[in-house]
Amino acid sequence: MNAFPWLSLITFLPLGSGLLILGVRERPELCRKLGLAAALAELAVVLAAVAAAGQAGGSWLLVEDRAWIPGFAIRYTLAMDGLSQVFVCLTALFGVLGVLVSWRQVTERVGAFHFCLLAALSGVQGVFLATDLILFALFWEAQLIPVFFLIAVWGHGERRRAAVKFFLFSATGGLFMFLAVIVLSVAHAGGQSFALADLTGAQLPPGLGAWLFAAFLLSFAVKIPLVPIHIWLPDAHTQAPTAGSLILAGLLLKTGGYALMRFAFPLFPAQAAACAPLLVALGLAGVFFASLMALVQDDLKRLVAYSSIAHMGLTVAGIASLTGLGMTGAVVLMVCHALTTGGLFASAGMVDERLATRSLKSLGGLWDQAPLFGSLFLVFSLASAALPGLGNFVGEIMIVFGLFKVHALAGAAAVAGMAVTLIYLLRMNRDTLFGPRRSELPMTDVGLREALVLVPLALAVLLVGLHPAPLQDLIAGPIHNLLIHLPQFPALGVRP
């Protein structure tokens with residue numbers, strides 16, 4: 001137990017700040033400044049908590065544990081290890097970027113927008129820190145509500161339909177998981193408890209474990225999103241405001257991969273191992289399917305959305321390889337995917353803001369008009385294509401090696417999938433940056449505020465690509481703890 005409630009502060013500071021902003025919602029400029037101050041304060045608190053936590057290892061670095069509803073054995077338990085620390089830092093960074101990228105794009109209901117943005121951050125931080133399953137399930141559902149309003153109120157075109165589809169898919173999956181949590185606690189032979197530590201590897205009646213694992217898997221697979229239950233994501237990304245796309249791609253998709261490693265696999269290790277070949281197959285199928293879909297898209301944001309499905313499919317395959325290499329690569333890829341896709345979505349928003357279109361048929365020649373924008377856009381694209389020296393390459397190559405260790409065909413398919421992604425990324429760059437100019441409107445280069453969004457993302461991708469060891473060291477302990485409780489991959493039974 002830590003004396004100072006760092007984790008509660010991390011979780012609820014954004015929500016509290018958002019409520020304060022609602023009090024001055026009639027003053028848009030003040031709302032923007034308070035929103036930025038709140039996001040910067042959240043980032044400062046996270047960095048202070050990381051410093052207070054000390055060196056990461058396999059154990060919990062910070063823990064808060066109190067009785068919450070004793071009659072039902074529900075506790076208020078937040079905990080942070082190296083794995084959750086990575087995503088908590090990422091969430092705080094994306095909070096700042098979300099405010100900056102919305103500075104001029106959001107002009108209506110500015111106070112309510114910043115409340116929803118900050119409330120979404122609180123929900124995501126809670127997902128990454130909660131270790132009581134009821135508390136986790138509550139945060140899991142709570143994060144959906146502000147994101148629903150971000151899409152439905154401040155989105156584009158058919159935003160309400162996209163928001164409803166996002167909410168129905170996510171809430172339905174969450175409901176199944178919530179029911180599974182209750183059944184798991186009741187069926188647990190050691191007495192009713194919702195603590196992750198108590199329920200890990202619980203002895204369950206034959207057959208029940210498979211159903212409960214399926215419920216958890218469904219909820220997390222929707223959020224990842226895993227093909228074939230991915231269909232909510234392209235519409236949500238296309239219609240969401242830029243900040244909403246940042247939250248979706250950078251954070252919400254990562255909650256699915258994180259929850260798979262933190263909850264589904266440790267709670268049901270035998271079922272996870274039995275299902276691992278299917279997850280690898282679905283993940284790799286998603287890489288090919290989403291890449292082919294991206295190839296025929298005309299909307300820049302929709303193309304990037306399908307690329308997200310492809311990259312997260314590869315992430316699932318890495319996790320399901322049940323190897324240290326595959327899981328470490330999956331976490332590195334999740335972090336780098338958030339950085340690169342965040343940069344691409346922010347870039348697409350800047351293009352839309354200037355040229356009033358995201359159609360690839362109406363773009364072209366942007367490099368000549370905006371060389372700094374073109375350079376940064378190219379960096380994010382090359383990173384998504386896993387160019388050596390950039391962060392995504394580190395994650396993807398580790399996943400490929402992890403898959404080769406369990407099945408050569410899976411490793412070969414992953415390499416082929418990486419090659420397919422090159423095709424649509426090259427087409428995206430050709431149609432946006434090069435060739436003749438097709439829009440009559442001027443494409444001005446990025447200003448200082450926009451550079452503060454894009455440059456840190458590009459530098460972070462470059463840093464992970466050139467020096468990934470600190471990130472790998474941070475997650476090594478938690479992944480080791482996870483692997484020692486998991487059976488080996490069933491096909492060959494090999495683990496490094």
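With 496 residues, a compact globule would be expected to show a radius of gyration near 23 Å, and the 21 Å found for this protein agrees with that. The model is a predicted one, so the values here are all computed from its atoms. Along the principal axes, the C-alpha trace spans about 70 × 55 × 40 Å. The fold is made of 20 helices and two strands. Of the 496 residues, 60% count as buried. The accessible surface comes to about 17,400 Å², and 70% of that belongs to carbon and sulfur atoms. Contacts reach a long way along the chain, too: among those between residues at least 6 apart in sequence, 81% join residues at least 24 apart.

Aromatic rings give a handy way into the interior. A pair of aromatic rings is described by the distance of the centres and the angle of the planes. The count for this protein comes to 19 aromatic pairs. One of them is formed by F113 and W154, which meet edge-to-face with 5.4 Å from centre to centre and 75° between the planes. This pair links distant parts of the chain, since F113 sits in helix α4 (residues 110–129) and W154 in helix α6 (residues 144–154), 41 residues apart. Both F113 and W154 are buried.

Helix α4 takes part in another such link through F128. Here F128 and Y258 make an edge-to-face pair, with centres 5.1 Å apart and 90° between the planes. F128 belongs to helix α4 and Y258 to helix α11 (residues 242–267), so this pair ties together parts of the chain that are 130 residues apart in sequence. F128 has a relative accessibility of 1% and therefore counts as buried. Y258, also with a relative accessible area of 1%, is buried as well.

Some aromatic residues gather in a group. F136, W140, F213, F216, F220, F263, F265 and F268 form one aromatic cluster. One member of this cluster, W140, also has a charged neighbour: K223 lies over the face of W140, at 3.9 Å from the ring centre.

K223 turns up again in the surroundings of Q143. Q143 lies in the loop between α5 (133–142) and α6. Is this loop residue buried or exposed? At 0% relative accessibility, Q143 counts as buried. Apart from neighbours within four places in sequence, Q143 is in contact with G123, V124, V127, K223, L252 and T255.

A glycine makes another good stop on the tour. G35 has its place in helix α2 (residues 28–53). With 0% relative accessibility, G35 counts as buried. Setting aside its neighbours within four places in sequence, G35 is in contact with I21, V99 and H114. Of these partners, V99 is 64 residues away along the chain, yet the C-alpha atoms of G35 and V99 are separated by 6.6 Å.

Farther along the chain, S439 offers a loop example. S439 is found between α18 (408–433) and α19 (448–466). Its relative accessible area is 13%, so S439 is buried. Leaving out neighbours within four places in sequence, S439 is in contact with L355 and S362. S439 and S362 are 77 residues apart in sequence, but their C-alpha atoms are 5.8 Å apart in space.

Finally, there are the cysteines. A disulfide is a covalent bond between the sulfur atoms of two cysteines. How many disulfides does the model contain? The count comes to zero. For C89, the nearest cysteine sulfur is that of C336, 14 Å away, and C89 is in no disulfide. Why is C336 not bonded to C89? The sulfur of C336 has its closest cysteine sulfur in C89, but at 14 Å this is too far for a bond, given that a disulfide needs sulfur atoms within 2.5 Å. The surroundings of the two cysteines can be set side by side. C89, at 26% relative accessibility, counts as partly exposed, whereas C336, at 0%, counts as buried.

Notes: Residues numbered from 1 in each chain as written. Predicted model: local features only at pLDDT ≥ 70, side-chain atom pairs only at ≥ 80, totals over all residues. Heavy atoms only, no water. Helix = DSSP H or I, 4+ residues; strand = E, 2+ residues; numbered from the N terminus. Buried < 20%, exposed > 50% of the residue type's maximum accessible area, 1.4 Å probe, protein only. Contact = heavy atoms within 4.5 Å. Phe/Tyr/Trp six-rings, centres within 6.5 Å; stacked < 30°, edge-to-face > 60°. Lys NZ or Arg CZ within 6 Å of the ring centre and 35° of its normal. Rg over C-alpha atoms; globule rule 2.2 N^0.38 Å. Areas by Shrake-Rupley, 256 points an atom, 1.4 Å probe, with all protein chains shown as cover.
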